[in-house]
Amino acid sequence: MSGAGKIMLVGIGPGSVEHMTQRARDAIAEADVVIGYVTYIKLVADLIEGKEIIRKSMTEELDRAISALEAARAGKKVALISSGDAGVYGMAGPTYEVLFQSGWTPDDPVQVEIIPGASALNSCAALVGAPLTHDFCAISLSDLLTPWPTIARRLDAVAMADFVVALYNPKSGRRTRQIVEAQRLFLRHRRPDTPVAIVKSGYRRRQNIVFTTLDSMAEADIGMLSTVLIGNSNTFVRYGLMVTPRGYANKYDMEEGGATREGEKAGRSLSTGLLGWLETLQAEHAAGDSIETLAARHRLPADYIRDTLNEPVEAEAAASEESEA
């Protein structure tokens, strides 16, 4: 085989072939070499017959990337597979690190293509309802490469900020306390009855789904193949479905046929949106409330409140009206 090859970073989705994209299937079909964690190789076993297979263990991500580059330098097309999406806790990052360390640039004869797939966050959400309809984030509890204080600060911040949160790598045979610490941090800011869904091996043979609450989640059967979805303050479970409202009830009376609530306008920001909040803030400050009092009331940094008060509301409102006209 002559000439430079290609590295295809393939996200295979949750694990079932029918949930893989067509491009992911095509990439594996055209590959000369398929590289991946042993469990992921098993998930695509029916697509890799006759190909060179390089199996690696869970902690050998850099070795996988190095093997992919070596094969591509030898002129081979390589499918380096990740479950979910290659760019979400997957092989895209480690591979680019190895490539840059080797002196690779986008002009290099070795081509690189990232092929997206549905991450665990998306696929698990689809199995339990619609928990991600409003703002959400993902945090990995793996401290193999990230210091625990960093993880803990992120958990505390998103818990306070009321994000729906997907916890990746929540527990393993040796890492059992991390999920307990995450629960402790969340309970500082969230109600004990906050809905939690735990999806294990989503779309795979041993799929298992458990609905529980924040105060009980650490007692559930959780492992490395689990994704934990923690709702926000508005998330609810009904008829076995976990749903996070988008916020329509803030503007529309859902029990009155969706009529616009008093003080609100269809197609415009909420009365408590940025401009409305700025006016309220100015009025509260003018009435004698200190910056520190306002910061505590709105749970925002005092320096942000101070800087915001120094910006004239009228200019902002005029600019908004002009852009919407």
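This passage describes a five-stranded sheet, the helices linked to it, and one buried serine in a predicted model.

The sheet comes first. Five strands make up an open sheet. Their order is S3-S2-S4-S1-S5, and the pairing is parallel. Strand S3 (52-56) and strand S5 stand at the edges. Each of these two has a single partner strand, so one side of each lacks a neighbour in the sheet. Neighbouring strands are turned against each other by 15° on average, with direction ignored.

Strand S4 spans residues 77-82. In the sheet order, S4 sits between S2 and S1. Of its 6 residues, 5 are buried, and the strand is mostly covered.

Both partners of S4 can be followed residue by residue. Strand S1 (residues 6-11) runs parallel to S4, and 6 bridges join the two. Within this pairing, Leu9 has Leu80 of S4 as its bridge partner. Strand S2 (residues 33-37) also pairs with S4 in the parallel sense, here over 3 bridges. Val33 is bridged to Val78 in S4. Val34 is bridged to Ala79 in S4.

A helix packs against several of these strands. Helix H1 covers residues 22-30. H1 lies across S1, S2, S4 and S5. Its direction makes an angle of about 140° with S1.

The next region follows strand S5. This strand covers residues 111-115, and helix H5 covers residues 120-128. Ser119 lies in the loop between them. Is Ser119 buried or exposed? Its relative accessibility is 5%. Buried means under 20%, so Ser119 counts as buried.

What surrounds Ser119, leaving aside its neighbours within four places in sequence? Ser119 is in contact with Gly84, Asp85, Val88 and Tyr168. With Tyr168 there is also a polar contact, made between the two side chains at 2.4 Å.

Helix H5 has buried residues of its own. They are Leu121, Ser123, Cys124, Ala125 and Val128. Gly129 follows H5. The phi of Gly129 is positive, near 135°.

Taken together, the model shows S4 with a parallel partner in S1 and another in S2. The edges of the sheet belong to S3 and S5. Beyond S5, the loop leading to H5 holds Ser119, whose side chain makes a polar contact with that of Tyr168.

Key:
Residues are numbered from 1 along each chain as its sequence is written. This is a predicted model: local features need pLDDT of at least 70, side-chain atom pairs count only at pLDDT 80 or more; totals for chains, interfaces and linings use all residues. Side-chain values use heavy atoms; hydrogens and water are left out. Buried means under 20% relative accessible area, exposed over 50%, partly exposed in between (1.4 Å probe, protein chains only). Helices (H or I, at least four residues) and strands (E, at least two) are DSSP runs, numbered from the N terminus. Two strands pair if DSSP finds at least two bridges between them. A polar contact is a pair of N or O atoms within 3.5 Å; within protein, one must be able to donate a hydrogen and the other to accept it, and residues adjacent in sequence count only if both atoms are side-chain atoms. Contact means heavy atoms within 4.5 Å. Axes are lines fitted to C-alpha atoms, for helices over the stretch in contact, and angles run from 0 to 180 degrees between N-to-C directions.
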